[in-house]
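Okay, thanks everyone, I'll keep this short. Have a look at the model on the screen, and then I'll walk you through a few spots in it.

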Amino acid sequence: MSVLLIVVYVIFAVAALLTLWRIVVGPSILDRAVASDVLLTELMCVLGAEMAINHHTRTLPVLLMIAAVGVFGSISIARFVARRDTTEQ
Amino acid sequence: MNAVLTSAAVDTTMAPDAWIDLIAIILILGGALLCLTAAIGVLRFRDVATRLHAATKPQVLGLILICLAIAVSLRSWETVAFLVPIVLMQLATAPLSAHMVGRQAYRNGSLDERSLLVDELAESRQTPPAAGG
């Protein structure tokens, strides 16, 4: 069963690394916005999984705040990107 | 939890708590796999719209699975009352950010034009406000 826990940890780590790679190389800023959104969601999932595994509720407010505020990041990036800027691709 | 689960793995007469923890772990595994598929999709797909398609899966379903795992693992109504607004907020804001990013990707031409079968907004790109300025 602790094997199952290790599998969960490895899956989260690999997912975060792949997303980080897309943030680093991602050709346009919108790709980076999408990838950082995914990374934020993975952060929420990791915090929640850690709470469920260790049986505590200390990071629930963090989860609530990320769910409430996390959307502003990609919205402001999307508003900031120039409309006809095709040189970024 | 580890001690409970390792002892539970060997004998079949598990305590109910061990079964509930096993269910929680399986739900977490589902959420983690959704995160992994999103990461692979974001890495492998070729433009913003397809990456957005892959990215929105763990934002809703993965988080719901993780929140179910928390609720199953802690088994208190206070926790459930805290988890419901988290899921509702995520359900409300995930399409919002995806819509904004997708709209901007269409407008600045970073979509792969050849992959579009129908482009219903093609005319409106020539006229304001979508034409930009």
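Let's start with an arginine. R51(B) counts as buried, because its relative accessibility is 4%, and the cut-off for buried is under 20%. Before I go on, please keep in mind that this is a predicted model.

So what does R51(B) form a salt bridge with? The partner is D31(A), and the closest N and O atoms of the two are 2.6 Å apart. That pair runs between chains: D31(A) sits in helix 2 of chain A, and R51(B) sits in helix 3 of chain B, residues 48-74.

Now the aspartate end. Is D31(A) buried or exposed? Buried, since D31(A) has a relative accessible area of 4%. If you skip the neighbours within four places in sequence, D31(A) is in contact with G26(A) from its own chain, plus D47(B), V48(B) and R51(B) from chain B.

Okay, zooming out to the interface. How many salt bridges does the rule find across the interface of chain A and chain B? One. On top of that, we can count polar contacts: nine residue pairs between chain A and chain B, with both residues at pLDDT 80 or more. On the chain A side, helix 1, helix 2 (29-54), helix 3 (60-69) and helix 4 (71-80) each bring at least two residues to the side that touches chain B. Helix 2 of chain A gives the largest share of that side, with 15 residues.

In terms of area, chain A and chain B bury about 4900 Å² between them, and 74% of that is on carbon and sulfur atoms. The contact draws on 52 residues from chain A and 57 residues from chain B.

Back to salt bridges for a second. Over all chains, the structure holds two. You've already met the pair between D31(A) and R51(B). There's also D17(B) with R75(B), where the closest N and O atoms are 3.4 Å apart. D17(B) lies in helix 2 of chain B, residues 16-44, and R75(B) lies in the loop between helix 3 and helix 4 (77-107) of chain B, so this pair ties together parts that are 58 residues apart in sequence. And how covered up are they? D17(B) counts as partly exposed, because its relative accessibility is 45%. R75(B) is partly exposed too, given a relative accessibility of 45%.

Next, chain A as a whole. It has four helices and zero strands, so if you read the elements from the N terminus on, you get α-α-α-α, with helices being DSSP runs. Chain A has 89 residues, and 44% of them count as buried. For the contact-map people: take the contacts in chain A with a separation of 6 or more, and 39% of them involve residues 24 or more positions apart. The accessible surface of chain A is about 4300 Å², with 73% of it belonging to carbon and sulfur atoms.

Last stop is the surface. Which residues make the nonpolar surface patch of about 360 Å²? They're I6(A), Y9(A), V10(A) and V14(A). Take V10(A) as one of them: it's found in helix 1 of chain A, residues 2-25. V10(A) is partly exposed, as its relative accessible area is 44%, and patch residues need over 30%.

That's what I had, thanks.

Key. Residues numbered from 1 in each chain as written. Chains lettered and ligands numbered in written order. Predicted model: local features only at pLDDT ≥ 70, side-chain atom pairs only at ≥ 80, totals over all residues. Heavy atoms only, no water. Patch = residues over 30% accessible without salt bridge, like charges linked within 9 Å, V, L, I, M, F, W, Y side chains within 5 Å. Areas by Shrake-Rupley, 256 points an atom, 1.4 Å probe, with all protein chains shown as cover. Salt bridge = Lys/Arg side-chain N within 4 Å of Asp/Glu carboxyl O. Buried < 20%, exposed > 50% of the residue type's maximum accessible area, 1.4 Å probe, protein only. Contact = heavy atoms within 4.5 Å. Buried area = accessible area lost by both parts, 1.4 Å probe. Polar contact = N/O pair within 3.5 Å; in protein donor to acceptor, adjacent residues only side chain to side chain.
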